[in-house]
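Open the model in a viewer and keep the sequence beside it. The tour goes from one selection to the next and says what is found at each stop.

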Amino acid sequence: MAKSLRKKPSPAPPADPIPRRVEPCVATLVDVPPKGVDWAFEVKWDGYRLAVHVDASEARAITRGGYDWTKKFRSIVDEARELGHVSMVIDGEAVVLDDQGRSDFGLLQRAVGKRPSAHDANEIIFYAFDLLYLDGRDLRNLPLSERRRLLEPIVAGRERTIRFSEEVPADGEEFFRVACELGLEGIIAKRRDKPYRSGRRPEWLKIKCVRRDTFAIIGYEPSTVPGAIGRLLLAARRGDDLVYVGGCGTGWSHQESVKLRELLNAIPSDRPAVSLRRKGAVFARPILVADVEYRAWTQDGKLRHPSFKGVREMEGPSDVYEITSEP
C-alpha cells in the first residue's frame, strides 16, 4: 500500500507564557495636555493601580508595587473570571466613586480597610484601561490603539464591578478645563501608536488639576493639642536617597491626627532619614507614605500649600515621589 503523501500538520506555535507580574507603565507629570491626533485622553482615576491576572488555575489582583491584594479586591477578581477568556492580564484602577461620580481615594481606603466604614468592598469599581495579555498571546508590543480594540468588547457596556475606562474624544486643553471644573483630579494622555513599556514613560502623560503625590513620612512635630500632630515631615526620592520636601499641617481631623501620632510613635528612629535638624521633632522610620495634595513647588524644593489626604504602608521605593529634575 502506498504511503500517504499528506504532510502532518505543523504543531501550533507555542503560546506566550503569562507573566507572573508586569511592572506597570507610569505616566509622566506635565503641566499642560499635549496636542495632536496621536494622543488619546482619559479621566485620571484616583485609586489603587492594579493588574488583574486570570489563567486556568487562578485569578489575582497585583498592585503597582507587586503585592498580591487578591483578598482585598475579591469582587474584581471574581468578576474577571466571568469575562469569557482563558487567560488575560488587564491593567486598570480600583476606585470608589463619591456622590458626584468622582473617584475618591479616601473612600477607597476606608472600603478596603479593616475598620468599620460607611463604604464597603462591594462599592469598589475597577476601571480597565489596557490589555497586556490575552489567551496565550502577549500584547505588550502592540500599539495602544490595538490593545484597546481588543479590550473594549471584553469589558465595555458592563455596569458591575469591572468597567471600561472610556477614551474622551475631545481636544486635550478643553477636556482638561472641563475635568477641573467638575472637580476631577486630572486627565491622562496616551500615545495611540506606542507599545506598552514598564516604568515612567513619556508616551503616557498625566495632567493634574491639583497636584497629588505620595511622600515618605520621616517624622512629625507635636501639636500644642496633647496627643496630636502639628506637622508631618515629608521626603521625596532623589536617586537612591531621600530629601526633605517640607511639612504638612492640614487635612486631618483630630482623631486622624492622634492615630497618625500613634502610628509614628510605634516606628521610632534615633536619627532622621534625611539631613534635617528640627528642634522638638520626633523622627520615624520611613516605612509609611502620605498621600498629599499640593499646589506647586517652591523655588527651594518644598511643597506649596500641602494638604494631607491619607496614609498607607510603603509597598516599595516607587511609592515615593521621585525628583528627577528641579521641581
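Start with D171 and E173, at the start of helix α4: a side-chain oxygen of D171 comes to within 3.1 Å of the backbone nitrogen of E173. Keep in mind at this and every later stop that the model is predicted.

**Along helix α4**

Now select residues 172-181, which make up α4, and colour its buried residues: G172, F175, F176 and A179. On which side of the helix axis do they lie? They lie on the same side of α4, because the arc they cover around the axis is only 100°. A general point about helices helps here: an α-helix has 3.6 residues a turn, so residues three or four places apart point the same way.

Next, show what covers these buried residues of α4; β2 (39-43), β9 (186-191) and β10 (199-208) are among the elements that do so. Then move just past the end of α4 to G183, where phi is positive, at about 80°.

**The second largest pocket**

β2, β9 and β10 also lead to the next stop, since each of them supplies at least two residues to the lining of the second largest pocket. β1 (25-29), β3 and β11 (211-222) do this as well. β1 gives the largest share of that lining, with 5 residues.

How much space lies in the second largest pocket? The volume is about 1000 Å³. Its lining has 46 residues, and to find the centre, select V26, K44, R64, K206 and D213, the closest of them to that point. Colouring the lining by class gives 17 nonpolar, 8 polar and 21 charged residues.

**The largest cavity**

R64 stays selected for the last stop, as R64 is also one of the residues that line the largest cavity. Add V22, P24, R49, L50, A51, I62, T63, D91, L132 and Y196 to complete that lining. The elements that give two or more residues to this lining are β3 (48-54) and β4 (59-63). The largest share, 3 residues, comes from β3.

The space in the largest cavity is about 50 Å³, and the count of cavities of 30 Å³ or more comes to 1. By class, the lining of the largest cavity divides into 7 nonpolar, 1 polar and 3 charged residues.

How values were computed. Residues are numbered from 1 along each chain as its sequence is written. This is a predicted model: local features need pLDDT of at least 70, side-chain atom pairs count only at pLDDT 80 or more; totals for chains, interfaces and linings use all residues. Side-chain values use heavy atoms; hydrogens and water are left out. On a 1 Å grid over the protein atoms alone, a cavity is a set of points where a 1.4 Å probe fits but cannot get out, and a pocket is an open set with protein on both sides within 12 Å along at least five of seven lines; lining residues have an atom within 4 Å of a point. Grid points are joined across faces, edges and corners, and a volume is the space filled by probe spheres set on the points. Helices (H or I, at least four residues) and strands (E, at least two) are DSSP runs, numbered from the N terminus. Ala, Val, Leu, Ile, Met, Phe, Trp, Tyr, Cys and Pro count as nonpolar, Asp, Glu, Lys and Arg as charged, and the others, Gly among them, as polar. Buried means under 20% relative accessible area, exposed over 50%, partly exposed in between (1.4 Å probe, protein chains only). The arc is that of the directions from the helix axis to the C-beta atoms. Contact means heavy atoms within 4.5 Å. A polar contact is a pair of N or O atoms within 3.5 Å; within protein, one must be able to donate a hydrogen and the other to accept it, and residues adjacent in sequence count only if both atoms are side-chain atoms.
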